[in-house]
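I opened the notebook to work through one protein chain. My plan is to go from overall layout to single residues.

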Amino acid sequence: MTSPYSDPMPAPEITSVGSQLESLVLEVEHEFSRIAVTARRGIRKKATSIHPDLQPLGYNVLSILVREHAQQQITLAEELQVDKATMSRTIKWLEAHDLVTRVPDPQDGRAMLVSVTNLARTGFLDSSAASRQRLRNRLASWDAGEIRHFADLLSKLNDSDSQHRSG
């Protein structure tokens, strides 16, 4: 099978600062596409390590719950940008497979709080540890300054995205 990334696009002729920027933006876009494909593959692999039928959306729900603890379904739907019905089906599936529990929200009697179970937390943390080790292995040949610079650039990019969405 041929990858869409196996034959890189030839770099356009750089004739001005504007076209140089465009060329660099295209290069960054290409690399982000490669990262997105790898990330999706990684999420599917981590999801199935928790449960063979766990879908990526369910894994992302568990990720939020492990990090932020109990959440209302509507909050999860908003954060993951899915409709309420999709989130409801996902939560029901997770609950049926003993990966989450639901209890009434003491702050809002009409809502339910969704929490991750110990089984799901353990599976999530185990899959995350393996993923973190793979990243450690990939960065092992980088010096500490390069890793710090890379983290700073990613942070800067994420911060500018957050500002753009809220502004």
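My entries follow, from the whole chain down to details.

**Entry 1: the whole chain**

I noted at the outset that this is a predicted model. I then looked up the secondary structure and found six helices and three strands in the protein chain. I read the elements along the sequence and got the pattern α-α-β-α-α-β-β-α-α.

Next I checked burial. Of the 167 residues in the protein chain, 23% are buried. I took the accessible surface too, and it comes to about 12000 Å². Carbon and sulfur atoms hold 55% of that surface. I also looked at contacts with a sequence separation of 6 or more: 46% of them are between residues 24 or more positions apart.

**Entry 2: the sheet**

In what order do the three strands lie in the sheet? I found β1-β3-β2, in an open sheet with antiparallel pairing. The edge strands are β1 (71-72) and β2 (100-105), and each pairs on one side only.

I counted the links next. β1 and β3 (residues 108-116) run antiparallel and are joined by two bridges. β2 and β3 also run antiparallel, with six bridges between them. A hairpin leads from β2 to β3 through two residues. I looked up one bridge pair here: V100 has V116 in β3 as its partner.

**Entry 3: Q71**

I went to Q71, which lies in strand β1. Opposite Q71 in β3 stands V114. Is Q71 buried or exposed? Its relative accessible area is 14%, and buried means under 20%, so Q71 counts as buried.

I then listed what Q71 touches, leaving out residues up to four places away in sequence. The list is I64, L65, L76, M112, L113 and V114. I64 and L65 are also among the buried residues of α2, so I turned to that helix.

**Entry 4: helix α2**

I compared the length of α2 (residues 56-68) with expectation. At 1.5 Å a residue, its 13 residues should span 18 Å. The end C-alpha atoms are 18 Å apart, which agrees.

Which residues of α2 are buried? I found G58, Y59, V61, L62, S63, I64, L65 and V66. I also checked what comes after the helix: H69 follows α2, and its phi is positive, near 70°.

**Entry 5: T117**

I moved on to T117, in the loop between β3 and α5 (118-139). With a relative accessible area of 15%, T117 falls under the 20% cut-off and is therefore buried. I set aside neighbours within four places in sequence and looked for contacts. T117 is in contact with D98, L99, V100 and T101. V100 is the residue whose bridge partner in β3 is V116.

**Entry 6: helix α5**

I ran the length check on α5 as well. Its 22 residues should span 32 Å at 1.5 Å a residue. I got 31 Å between the end C-alpha atoms, which agrees.

The buried residues of α5 are A120, G123, F124, S127, S128 and L139. How are they placed around the helix? Seen down the axis of α5, the buried residues fall within an arc of 145°, so they line one face of the helix. I then looked at the face turned away from that buried side. It carries the exposed residues N118, L119, D126 and N137.

Terms used: Residues numbered from 1 in each chain as written. Predicted model: local features only at pLDDT ≥ 70, side-chain atom pairs only at ≥ 80, totals over all residues. Heavy atoms only, no water. Pairing = 2+ DSSP bridges. Helix = DSSP H or I, 4+ residues; strand = E, 2+ residues; numbered from the N terminus. Buried < 20%, exposed > 50% of the residue type's maximum accessible area, 1.4 Å probe, protein only. Contact = heavy atoms within 4.5 Å. Areas by Shrake-Rupley, 256 points an atom, 1.4 Å probe, with all protein chains shown as cover. Expected span 1.5 Å × (residues − 1). Arc of directions from axis to C-beta.
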